[in-house]
Amino acid sequence: MKTKKIAPSLLSADFSNIEKDIKMVEEGGADLLHLDVMDGHFVPNITFGPFIVKAIKKVATIPLDVHLMIKNPGDYVESFCDAGADYLTVHVEATPHLHRVLQQIKAKGVKVGVSLNPHTPLSSIEEVLDDLDMILIMAVNPGFGGQSFIPNTIEKLKRLQQMLEKHQATHIEVNVDGGIKLENIREVSDAGCDIFVSGSSIFKADNPKEMIQQMKKELE
């Protein structure tokens, strides 16, 4: 049975004091740190590049889950892997050569992830399941934090579990990003999620460490 993991999204952290926020969520029991890389083209926002990932790697003691929301991700795989990504996820919609990009990540010895936007069918990744360590299902339209969870994500997760069972690929971790909060984390877990990305619900909580612990309790 796969371990359920909480991955606070640093998109919602205080970047003027990022080390303090990283230590805070680590003390709270976070399992991964989720880093959203946006280019202003694939999504309507710009965040940061490999330099910031490298800086975060120096202070973090838990793995970095780096999510590339960028066009032509193959051009940047090496840079982000070298910067310290432990998981590197690319969007199926961002490249016409998905298999090639996944092989680039694998060659760097980094865990391979692929992400699907809310409208993208699961069939788009069926041919590359053998190359994946993780599948990230977007439960919001990517680009901004603080959005509401799209309800039909639950059914999509259930269909994904059926597809993984059909292909004997249930070892692949399923990650959900967007709108995860204490009130829905159990339902998302029951539908087949293993890794829960949460930004606003953790960092905007009165006590972020306690919020992580409450989320973990919901997953027991």
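The following exercises, each with a worked solution, concern a predicted model.

**Exercise 1. The sheet**

Determine the order of the strands in the open sheet and identify the strands at its edges.

Solution.
Step 1. The open sheet has 8 strands, and reading across it gives β1-β8-β7-β6-β5-β4-β3-β2. The pairing is parallel.
Step 2. The edges are formed by β1 (5-8) and β2 (33-38). Each of these has a single partner strand, so one side of each has no neighbour in the sheet.
Step 3. Direction ignored, neighbouring strands are turned by 25 degrees against each other on average.

**Exercise 2. Strand β7 and its surroundings**

Establish how β7 (173-177) pairs with β6 and β8, and decide whether its two faces are covered or open.

Solution.
Step 1. On one flank, β7 pairs with β6 (residues 134-138) in the parallel sense, over 5 bridges. Within this pair, M134 stands opposite E173, and M138 stands opposite D177.
Step 2. Strand β8 (residues 195-198) also pairs with β7 in the parallel sense, here over 3 bridges. In this pair N175 stands opposite I195.
Step 3. Burial is examined next: 5 of the 5 residues of β7 are buried. One side carries E173, N175 and D177, the other V174 and V176, and both faces are covered.
Step 4. Helix α5 (153-166) lies across β5, β6 and β7, and runs at about 160 degrees to β6.

**Exercise 3. The two sides of helix α4**

Show how the buried and exposed residues of α4 (residues 98-107) are distributed around the helix axis.

Solution.
Step 1. List the buried residues of α4: L98, V101, L102 and I105. They cover an arc of only 100 degrees around the axis, and therefore lie on the same side of α4.
Step 2. The spacing can be understood from helix geometry. An α-helix has 3.6 residues a turn, so residues three or four places apart point the same way.
Step 3. R100 and A107, on the other side of α4, are exposed.
Step 4. Identify the packing partners: the buried residues of α4 pack against α3 (77-83), β4 (87-91) and β5 (111-116).
Step 5. After the helix comes G109, whose phi is positive, near 75 degrees.

**Exercise 4. Nonpolar cores**

Name the residues that touch the most other members of the largest nonpolar core, and state which helix gives the most to that core.

Solution.
Step 1. The largest nonpolar core has 68 residues, of which L33, V66, L88 and I135 touch the most other members.
Step 2. The helix that gives the most to this core is α5, with 5 residues.
Step 3. Apart from this core lies another, of 6 residues, including A7, Y87, M134 and I195.
Step 4. As an example of the surroundings of one member, take L33. Neighbours within four places in sequence being left aside, the contacts of L33 include P8, I22, V25, I56 and L64.
Step 5. A general tendency gives the context. In soluble globular proteins, nonpolar side chains tend to be buried together.

**Exercise 5. Positive phi outside glycine**

Compare the settings of N72 and Q168, each of which has a positive phi although it is not a glycine.

Solution.
Step 1. The phi of N72 is about 50 degrees, and that of Q168 is also about 50 degrees.
Step 2. Locate each residue. N72 lies in the loop between β3 (64-69) and α3, while Q168 lies in the loop between α5 and β7.
Step 3. Apply the cut-off for exposure, which is over 50% relative accessible area. With 73%, Q168 is exposed, whereas N72, with 46%, is partly exposed.

**Exercise 6. Cysteines and a buried serine**

State how many disulfides the structure holds, and classify C81, C193 and S189 as buried or exposed.

Solution.
Step 1. A search of the whole structure gives 0 disulfides.
Step 2. The limit for burial is under 20% relative accessible area. C81, at 10% relative accessibility, therefore counts as buried. C193 has a relative accessible area of 0% and is likewise buried.
Step 3. S189 is located in helix α6 (residues 185-190). Its relative accessible area is 8%, so S189 is buried.
Step 4. Beyond neighbours within four places in sequence, S189 is in contact with K4, F196 and L219.

Methods: Residues are numbered from 1 along each chain as its sequence is written. This is a predicted model: local features need pLDDT of at least 70, side-chain atom pairs count only at pLDDT 80 or more; totals for chains, interfaces and linings use all residues. Side-chain values use heavy atoms; hydrogens and water are left out. A disulfide is a pair of cysteine sulfur atoms within 2.5 Å. Buried means under 20% relative accessible area, exposed over 50%, partly exposed in between (1.4 Å probe, protein chains only). Helices (H or I, at least four residues) and strands (E, at least two) are DSSP runs, numbered from the N terminus. Contact means heavy atoms within 4.5 Å. The arc is that of the directions from the helix axis to the C-beta atoms. Two strands pair if DSSP finds at least two bridges between them. Axes are lines fitted to C-alpha atoms, for helices over the stretch in contact, and angles run from 0 to 180 degrees between N-to-C directions. A nonpolar core is a set of buried Ala, Val, Leu, Ile, Met, Phe, Trp, Tyr and Cys residues joined through side-chain atoms within 4.5 Å.
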